[in-house]
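Welcome! Here are some short exercises on reading a protein model, each followed by a worked solution. Have a look at the structure first, then try each task before you read on.

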Amino acid sequence: MTKLLASLAAFTALTAAASAADLPRRAAPPPVFTPVPVFTWTGAYFGINAGYAFDASDRKTGNTFIVPGGAGGYTVSGAPVAVTFRNRSQDGFSGGGQIGYNYQFTPGSGVVIGFEADAQYLDFGRNRNNAFVAGGVAPGYYVTDPRGLSSLDFFGTVRGRLGYAFDRTLVYGTGGFAYGSGSADRSFGGFRGNDSFRTGWAAGGGIEYALPTDSFLNFFRSSAVTLKVEGLYVNLDRGTRNQGAFVINSATNTPVVYSGVGRRDDQFAVVRAGLNYKFGSY
């Protein structure tokens, strides 16, 4: 009897083990997928830029002005003499920094709006006052180009931006307020009374591309580093101030003769490349 019970117990155990072997195995947990966030241009940014600025004014070749002679005149002979300023190009380095904010309506591709403010240094050259003088100018005086972009050595803008993003590539137009200031230092072609604060407008456009977050240029651990190429046209309204003075008293660096050109705009264009660090949404 004991042997019979032992045999039944063994048979039952073997049957249970066989049944357990036939059961399906427990399913493995599904893999976890982390979605890659869609890039958006929304966020604040700051950066630097550098480029080239050049005269964009509509001027005729060889503007000629008459320096008055006679009693109390400003010529060696005492007779009026002609001064001709050639149509020299006024161009040079431009560089500075910018800050701004973008908002993208739909991540990935879509409309982007924003604003940007920048401040720029300009170097239109130190030798812009060379002119052909048909006779001598009296000692103690010199002539300067009344068209005078050479005295402008600083400008800035506050602009709106409107563009369309193709994922990490942004194409945009921009426009808004512009301001600038000249130098009273003669070496930059300026003179006292010509270094007034000037205002006007600016317009242009550009293309910007966002590098991956782990770019080697990402020194500030920003959400993105962007590179841009931009063209900007700047028009600073001179109004009637000084009416284009071109004979200057060397001792006081003040104008004594005006060209009488009246209202004039100082216009120039800037082509520049920039680097921005964006903070905010991915």
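**Exercise 1: A surface residue and its patch**

At 34% relative accessibility, Tyr101 counts as partly exposed, because that class lies between buried (under 20% relative accessible area) and exposed (over 50%), with a 1.4 Å probe and protein chains only. This is a predicted model, where local features need pLDDT of at least 70, side-chain atom pairs count only at pLDDT 80 or more, and totals for chains, interfaces and linings use all residues. Residues are numbered from 1 along each chain as its sequence is written, and side-chain values use heavy atoms, leaving out hydrogens and water.

Task: find the strand that holds Tyr101.

Solution: Tyr101 lies in strand β4; strands are DSSP runs of E, at least two residues, numbered from the N terminus.

**Exercise 2: A residue inside**

Task: decide whether Glu116 is buried or exposed, and find its side-chain partners.

Step 1. Locate Glu116 in strand β5, residues 109-122.

Step 2. Glu116 has 0% relative accessibility, so Glu116 counts as buried.

Step 3. Look for polar contacts (N or O atoms within 3.5 Å; within protein, one able to donate a hydrogen and the other to accept it, and residues adjacent in sequence count only if both atoms are side-chain atoms). The side chains of Glu116 and Arg159 are joined by one of 2.7 Å, and those of Glu116 and Lys228 by one of 3.2 Å.

Step 4. Compare sequence with space: Glu116 and Arg159 are 43 residues apart in sequence, and their C-alpha atoms are 5.4 Å apart.

Key: Helix = DSSP H or I, 4+ residues; strand = E, 2+ residues; numbered from the N terminus.
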